[in-house]
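Work through the exercises below with the sequence and the 3D view side by side. Try each task before you read its solution.

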Amino acid sequence: MTLPASSNVALAARDLKHLWHPCTQMHDHERIPMVPIVRGEGAWLIDADGRRYLDGISSWWTNLFGHANPRIAAALAAQAHTLEHVIFAGFTHEPAIELAEELVRISPPGLERVFLADNGSAAIEVALKMSFHYWLNLGHGEKTRFIALSGSYHGETLGALSVSDVALYRKTYAPLLLTPILAPSPDSYEAEPGESPENVATRRLGELRALLERHAHETCAVIVEPLVQCAGGMRMYHPSYLAGLRALCDEFAVHFIADEIAVGFGRTGTLFACEQACPEPGRRAGVTPDFLCLSKGLTGGFLPLSAVLTTHDVYAAFYAEYSAGKAFLHSHSYTGNPLACRVALETLAIFRDEPVLERNRLLAAHLAARLAPLREHPHVADVRQCGMIAAIELVADKAARRPFPTAERRGLRVYLHGLQHGALLRPLGDVVYFMPPYVVTAQEIDQLVDVAIAGIERAVHG
Ligand SMILES: *Cc1c(COP(=O)(O)O)cnc(C)c1O
């Protein structure tokens, strides 16, 4: 019997012949079938054999308004027939101009300049280089270091990996990397007995202050993932940390880099997570970082694109006669790609035309209600949620919060159970999480949670 050339099995076999996948030990695919997807539709992915999978993780946190969203697809097609790409030095185009105008309009006040790049890690490289170069242009070449949080993830190119603290990605390459100063994460999961998330944040700000007292003179910036450290295990913290961080950065003259690559565009309940920084009495809510890095949801999950927003103050430090040699040099062949900019504009137009954040609040409340019973589960140490991100921490011993040995790969069992039952769940180690596209329905959330609970039941036993 011969298989059709486009069946799951046939495509998987061809894939394994020449491709090399990210975040993967390819040997695993001797026993775990690769899943060839041929079509997407709303929150669903459809494989070559016609099986359907509910995309519980928005295809690595990128998709907002559904796969093959017809409105975004039409905008992309129209742009492709008009202008697909043009060099972005000396030349410009309306999609990039409009995108910059719109990003400045919707982002925290004070961010006025938009520098484009083409993926999340590249945006982090830009922010790190720009911060260092700003201080250099001001005559402070002694500032060469960065402060990052424990458990942080900012991407996997060498600069971005340097300020990341997830051992799985960092350890091997450590000899090649810059050495950041690590500040303890305000992660609420690490609260002392009886300590509130807000008190954890306050305690961690105290520790950050101590680091700044010793290192501010050599430090360019503090870089954080606002509210949720995603790749580090969906660890969440109290928004008061962001307000305190802004104040400390001002006091010690270091930049605040907000990496909202994963949490931006409505994920945490507000358009940007920085908006939730707790207001001091008499002040508006929210903080403005010196650099805001955006990517992932920026194009609704259609195309790679990233943006770094910054202030007039930063821009002005580079603005001089050519001969002064102060220009910011960081270029990619595809910087400002018109297709990606047009798709981003259409994504942002959906936020204007539809009550996205209101709808998300209802969906998030539904998800929270469905997950609540898991708190009683003997192998669940924590159920946490921030808007449209929810996570379940699986452990061997609940009282001691002792994790399962990593070699047991319990989370992988949940992943495999999900695939067998029509759901794409891709735990981070033993943290099972939900980060669905915003077009998911309450019924689809029920389905995801049911599959996850059955998968957890299977994974924690035996
Ligand atoms: C995904 C991610 C990045 C890196 O983005 P890529 O496009 O994958 O390079 C950086 N920071 C955070 C917080 C992310 O989640």
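The exercises cover the ligand site and then two helix contacts in this predicted model.

**Exercise 1. Find which residues are around the ligand, and sort them by class.**

Step 1. Start with the residues early in the chain: Trp61, Asn119, Gly120 and Ser121 are among those around the ligand.
Step 2. Move along the chain. The list goes on with Tyr153, His154, Gly155 and Glu225. Asp259, Ile261, Ala262 and Lys296 complete the list.
Step 3. Sort by class. The shell has four nonpolar, five polar and three charged residues.

**Exercise 2. Find what lies 2.6 Å from polar side-chain atoms of Ser121, Asp259 and Lys296.**

Step 1. Take Ser121. An N or O atom in its side chain is 2.6 Å from an oxygen atom of the ligand.
Step 2. Take Lys296. A polar atom of its side chain also lies 2.6 Å from a ligand oxygen.
Step 3. Take Asp259. Here the partner of the polar side-chain atom is a nitrogen atom of the ligand, at 2.6 Å.
Step 4. Add the cover. On its own the ligand has 380 Å² of accessible area, and the protein covers 83% of that.

**Exercise 3. Describe how helix α4 packs on helix α11.**

Step 1. Locate the helices. α4 spans residues 94–106, and α11 spans residues 338–353.
Step 2. Read the geometry. The axes are 9 Å apart, at an angle of about 40 degrees. The crossing is left-handed.
Step 3. List the partners. On α4 they include Pro95, Leu99, Leu103 and Ile106. On α11 they include Cys341, Leu345 and Leu348.
Step 4. Count by class. This contact has 10 nonpolar, no polar and five charged residues.

**Exercise 4. Describe how helix α3 meets α11.**

Step 1. Locate α3 at residues 70–80.
Step 2. Read the geometry. The axes of α3 and α11 come within 9 Å and cross at roughly 145 degrees. α3 passes α11 in a right-handed crossing.
Step 3. List the partners. α3 brings Arg71, Ile72, Ala75, Leu76, Gln79 and Ala80. Among the α11 residues they meet are Leu339, Val343, Thr347 and Ile350.
Step 4. Count by class. The contact divides into nine nonpolar, two polar and four charged residues.

Technical notes: Residues are numbered from 1 along each chain as its sequence is written. This is a predicted model: local features need pLDDT of at least 70, side-chain atom pairs count only at pLDDT 80 or more; totals for chains, interfaces and linings use all residues. Side-chain values use heavy atoms; hydrogens and water are left out. A residue is near a molecule or strand if one of its heavy atoms lies within 4 Å of it. A polar contact is a pair of N or O atoms within 3.5 Å; within protein, one must be able to donate a hydrogen and the other to accept it, and residues adjacent in sequence count only if both atoms are side-chain atoms. Accessible areas come from the Shrake-Rupley method with a 1.4 Å probe; for residues, only the protein chains shown count as cover. Ala, Val, Leu, Ile, Met, Phe, Trp, Tyr, Cys and Pro count as nonpolar, Asp, Glu, Lys and Arg as charged, and the others, Gly among them, as polar. Axes are lines fitted to C-alpha atoms, for helices over the stretch in contact, and angles run from 0 to 180 degrees between N-to-C directions. Helices (H or I, at least four residues) and strands (E, at least two) are DSSP runs, numbered from the N terminus. A crossing is left-handed if the near helix is turned anticlockwise from the far one by less than a right angle, and right-handed if clockwise. Contact means heavy atoms within 4.5 Å.
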